[in-house]
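Hi everyone, thanks for coming. Let me bring the sequence and the model up on the screen, and then we'll walk through one part together.

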Amino acid sequence: MVTNDKGIVSFKHKIMEEVCRLAWDGKLNDEEKEKLIYKIVPGPKSQYCCVYKEREIVRQRIRLACAECPSDNPESKCVVQVINAACDDCPISAFSVTDSCRFCMGRPCINSCRFNAITPGDVRMHIDSAKCKECGMCAKACPYGAIVHIERPCKKACPVGAITYDEYGFCRINEEKCIQCGQCIHNCPFGAIGSKTYLVNIINDILAGKEVIAMCAPATEGQFGENISMAAVKAVLKKLGFADMVEVGLGGDMTAAYESLEWAEARKTGKKMTTSCCPAFINMLRQHYPEIFKENMSNTVSPMCAISRYLKLTHPGCVTVFVGPCIAKKSESNDPTIPDNADYVITYGELRSLMRSRDLDFESVEDSYQEASVWGKRFAASGGVANAVLECMKERGEDVSDIKLSKCAGGMECKKAIGQLKFGMLQEDFIEGMICSGGCVGGPSRHKTEVEISKAREALLSKADGRKVLENLKNYPMEKFSMMRDGSMAEGKF
């Protein structure tokens, strides 16, 4: 991913690459892991702080690379994890007094504080973090603006308030609140937050001779430049040992076809609905708005699950691996309430680490490959899901001119629309919810900037043929596998 944390990203991806090399060679044991720690941090001098701390960070990152939790939190079920050894340099205090403090005689900051948290220091006022309740009254009272609010980047990035801190200042994730969107991961300037990685599991399955099939998200087109098409991605995946690759844009067609049936039925009764493709949005509904999750959410599976079920029907015993920019997809694949979903999920950065472990890179190819309509391919951008659903309704001859859509991209937009729905104030008929700004193409593990991705995507999508969604699906055995979250067969035909 291209962000301002390139050093951190390179560091953790190097660890993943080395772990994968050991796995390919059948040497991923405790002794070799310990050797790897000293290979990455040889000492005696440290690169950043202390060799012992750096080695502990590497040790915990190796655990994450092996799909294990850090040793500080071994029983956690969450895919997003905190490495304590890396999380000790952020300021604990939310409010801090800067050098602009004039030590004025009126003491408005002291007078405004109801918790006796402020006392005079040697040259400026001092805030006792143990007493401070973070009410902000002192900052408002200071005539010089010398008291500033310092909000940790991870906490600021979390759309659901799942991040707090313990008495030592370590970040703590409330797993009952966390929607596993991964926004905190790339916003931590110390790389203290990461996610479990399933590359070793995939390597082991490939080495065991299993039929491992990759499923590439619609957001893939454009991630690696306009010369790297889906066909080029498929080619490198086969070199890695994958049996095949299918574009999940086809799953977008499948989801749109069945979700449009739900929308059409809901219109008859005036019921408002939400989409069901973004797992972080679904986690937000389930954990923070359970009544909306139960009453208003579409029961159609995500495109990832649709393709996984299609592959498990047509390739019995296969292992399905989703590749995309999303952290929350890892939580979806682990959800026991959605049978036959993807076995594993990896991000683009993790894919590149896997490729480097076999000394491979993308190469442009002349072959073309397309299984999805352009509507399914555009699922990755904000508005793409809703537009595909409307397209399906139009292809069935329905009038959709009066349908009003709420296309939400970003945590705040989603929360606002859900709140309006909860209190009966939503003017629109349907909510398309995506937690990431811009949609999936803006996911936390995107490979390039959104501007670069959009430019490359348009160049690639312009080459796609104009096949219709419902006509395209006639080529697939849709009646033989479930498109409902619980595994039941859908009512009606698209």
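Before the tour, one definition: I call two strands paired if DSSP finds at least two bridges between them. And please keep in mind that what you see is a predicted model.

So, which order do the strands of our sheet take? Four strands make up an open sheet, ordered β10-β9-β12-β13, with parallel pairing. The edges belong to β10, residues 244–247, and β13, residues 344–347; each has a single partner strand, so one side of each lacks a neighbour in the sheet. On average, and ignoring direction, neighbouring strands here are turned by 25° against each other.

Let's go across it pair by pair. As general background, strands of a sheet pair through backbone hydrogen bonds, either parallel or antiparallel.

We begin with β9, residues 212–216, which is joined to β10 by four bridges, the two running parallel. If you want a spot to zoom in on, Ile213 has Asp244 of β10 as its bridge partner.

On to β12: five bridges join β9 to β12, again in parallel. Here Ala214 has Val321 of β12 as its bridge partner.

Next pair, please. β12 and β13 run parallel and are joined by four bridges, and Phe322 stands opposite Val345 in β13. How does the chain get from β12 to β13, and with which handedness? The path goes through helix α13, residues 328–333, and this β-α-β crossover is right-handed.

Now let me stay with β12 for a moment. How many of its six residues are buried? Six of the six, so to speak a full house; buried here means under 20% relative accessible area. The cover is on both faces: Val319, Val321 and Val323 are buried on one side, and Thr320, Phe322 and Gly324 are buried on the other.

What packs on the sheet? Helix α14, residues 348–356, does, touching β12, residues 319–324, as well as β13. The direction of α14 makes about 90° with that of β13.

One last stop, helix α8, residues 230–240. This helix is mostly covered, with eight of its eleven residues buried. Among the buried ones are Met230, Val233, Val236, Leu237 and Leu240, and Lys234 is on that list too. Just after α8 comes Gly241, for those of you who like backbone torsions: its phi is positive, at about 115°.

That's my tour; over to you for questions.

Notes. Residues numbered from 1 in each chain as written. Predicted model: local features only at pLDDT ≥ 70, side-chain atom pairs only at ≥ 80, totals over all residues. Heavy atoms only, no water. Axes fitted to C-alpha atoms, helices over the stretch in contact; angles between N-to-C directions. Contact = heavy atoms within 4.5 Å. Buried < 20%, exposed > 50% of the residue type's maximum accessible area, 1.4 Å probe, protein only. Right-handed = clockwise from strand over helix to strand, strands pointing away.
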